[in-house]
Amino acid sequence: MKSTRPILNVARASSTKPSPFTWVHPGEGIEARVTEVTDQRLKGKRIAIKDNFMLRGTRTTCSSRMLQEFESPYTATSVKSLLSSAASITGKTQMDEFGMGSMTNNLPPGSPPVHNPWNLDAAVEGKDEVQVRSAGGSSGGSAAAVKGGQAWAALGTDTGGSVRLPASYCGLVGLKPSHGMISRHGVVSYADTLDCVGILTSEVDDARLLFDIMSHPDSMDPSCASAEVRHRAEGVEHEARHSMKGLRDGRLDGVRIGIPIETCLEKDLTPLDLAPFIRHLRSLGATIVPISIPSIRLALPAYYVLACAEASSNLARFGGGWYGGQQSGLKEPDGSVDRRQWTRRWGFGPEVKKRILAGTYALTAGAFNNSYLKALQLRQRLRSDLDAIFRSSQPQDLDDVTEAPSRGVDVYMHLTAIQTAPILDSTSSTSQDARGYAQDLLTVPASLGGLPCISLPIGLGADGWPVGASLTGQWGSESVLMDIAKIGM
Ligand code: GLN
């Protein structure tokens, strides 16, 4: 087994060279002039946003031909929050079509995949000059904007790993908050029960600032956590801090970090090695505990059934009625098909079509019990397995105030990805293959659990490319999670 070089923090160097193909629309910031600024916390900060966030005065295309001329009718709540803190929005970034993908290569015809800016960095220049690698996906443009020095931070969305994977491949911090912590109002849905607004930055403190600004209740998003639930989560977190005495002094004494054996057991799963980082955390005082989350192995198939089923329903709105189909490139139907069929055939790319078909099938009467229902049951099983490992109890559900195990862990940890950034080859802009789906193996469990998860750069792989580790905490424990992440990084 090859190992990562145990050089911590080296993956944090920031490139100053912009990466090609990052932007869908650069430099649009019209809304900034009409939003009331209430504080100056983000004054002078350039923030890029993924092209599935509404920003009035710009198009929101989701990197789909279906929406290529769609003007945002309003601004997403999360983006509004940034603007009220005086942020400057630098543009909309490239993404996999409707968030479906892991390499930002599921794009409209003729759009090249986003390049990972890592090897444009002076630190590794000369080593890997010609190799073009993926920035990850689906928020690859957002990660490339930050790593390439074109933005201080970026917003992405994370349904099954789309912020954490690009963070890992580009050597950035990527935060997927608890589901419901940041409003999804104004963010185009992929799979509502999994979609989260995520944050990409170079430093944990920057992610924390953005999270604090965007995390609040929102009456426009019924799935956004209420003030009461947030209050309860703060109480649970406050309790948990009693046992983590080291945090006050920048140490990890008292912090219990679980390593799920299921993520380490598979032979040949990955050439990357988490051991140097585990040793580093131990040297800071953390207690490392092997744990078992048996259902984690079933997370990937369950995720794809649920995500596709929800997507097939969400994407039914695009068909030339309210949304999509007004494009200048779309010709009149030839008479053999109706306008909706014609528009969808033309507007969606192959990966999106594949997932709509798979999702529709999972929801049909004949397949429902064996696919969608099974996947729901698997998610439920995973949620209880996850709940059982944490020291703190789940604050969301009042009826389910089970006693948390006192010997439980505060966070669990594993590699973010099974590999370093994949090489972009000539086959990479066709519909995804099994290799693409397998990349989500380690990121989807936290998504199904609705749990907060942060990916940190922990060093370089044997090939000289960044490696990320993920820390996942109990629902609503972002503050503790980011404390641990900051000390560990
Ligand atoms: N790669 C996963 C998918 O294609 C996750 C995408 C995401 O988080 N938006 O569904």
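Guide: Let's start with a word you'll need: a residue is buried if 20 or more other C-beta atoms lie within 10 Å of its own. One more thing before we look around: this model is predicted.

Visitor: Which residues of α2 are buried?

Guide: Gly 140, Gly 141, Ser 142, Ala 143, Ala 144, Ala 145, Val 146 and Lys 147 are. That's eight of the eight residues in helix α2, so the helix is largely enclosed by the rest of the structure.

Visitor: What do the buried residues of α2 pack against?

Guide: Mostly strands come up in the list, so find them one by one: β1 (23–26), β2 (46–50), β3 (88–93), β4 (153–158) and β6 (196–201), along with the helix α3 (164–170). Then look just past the helix: Gly 149 follows α2, and its phi is positive, near 80°.

Visitor: And the protein as a whole?

Guide: It has 15 helices and 11 strands. Of its 489 residues, 55% are buried. Take the contacts between residues at least 6 apart in sequence: 79% of them join residues at least 24 apart.

Visitor: How do I read a pair of helices?

Guide: Two packed helices are described by the angle between their axes and the distance between the axes. Try α4 (residues 204–214) with α15 (residues 478–488): their axes come within 9 Å and cross at roughly 165°. That makes the two helices roughly antiparallel, since angles over 145 degrees count that way. Their crossing is left-handed.

Visitor: Which residues in α4 and α15 meet?

Guide: From α4 you have Val 204, Asp 205, Ala 207, Arg 208 and Phe 211, and they meet Glu 478, Met 482, Ala 485 and Lys 486 in α15. By class, this contact has five nonpolar, no polar and four charged residues. For the general idea, an α-helix has 3.6 residues a turn, so residues three or four places apart point the same way.

Visitor: How many residues surround the ligand?

Guide: There are 14, and the closest are Gly 99, Ser 102, Thr 159, Gly 160 and Ser 162. The shell divides into three nonpolar, nine polar and two charged residues.

Visitor: Is Gln 419 buried or partly exposed?

Guide: Count the neighbours: Gln 419 has 19 C-beta neighbours inside 10 Å, so it counts as partly exposed. You'll find Gln 419 in the loop between β9 (411–415) and α13 (434–438). Its C-alpha atom is separated by 33 Å from that of Ile 213, which is 206 residues away along the chain.

Definitions and conventions
Residues are numbered from 1 along each chain as its sequence is written. This is a predicted model: local features need pLDDT of at least 70, side-chain atom pairs count only at pLDDT 80 or more; totals for chains, interfaces and linings use all residues. Helices (H or I, at least four residues) and strands (E, at least two) are DSSP runs, numbered from the N terminus. A residue is buried if 20 or more other C-beta atoms lie within 10 Å of its own, exposed if 12 or fewer, and partly exposed in between; C-beta atoms are placed from the backbone. Two residues are in contact if their C-beta atoms, placed from the backbone, lie within 7 Å. Axes are lines fitted to C-alpha atoms, for helices over the stretch in contact, and angles run from 0 to 180 degrees between N-to-C directions. Angles under 35 degrees count as roughly parallel, over 145 as roughly antiparallel, 65 to 115 as roughly perpendicular and the rest as oblique. A crossing is left-handed if the near helix is turned anticlockwise from the far one by less than a right angle, and right-handed if clockwise. Ala, Val, Leu, Ile, Met, Phe, Trp, Tyr, Cys and Pro count as nonpolar, Asp, Glu, Lys and Arg as charged, and the others, Gly among them, as polar. A residue is near a molecule or strand if its C-beta atom, placed from the backbone, lies within 6 Å of it.
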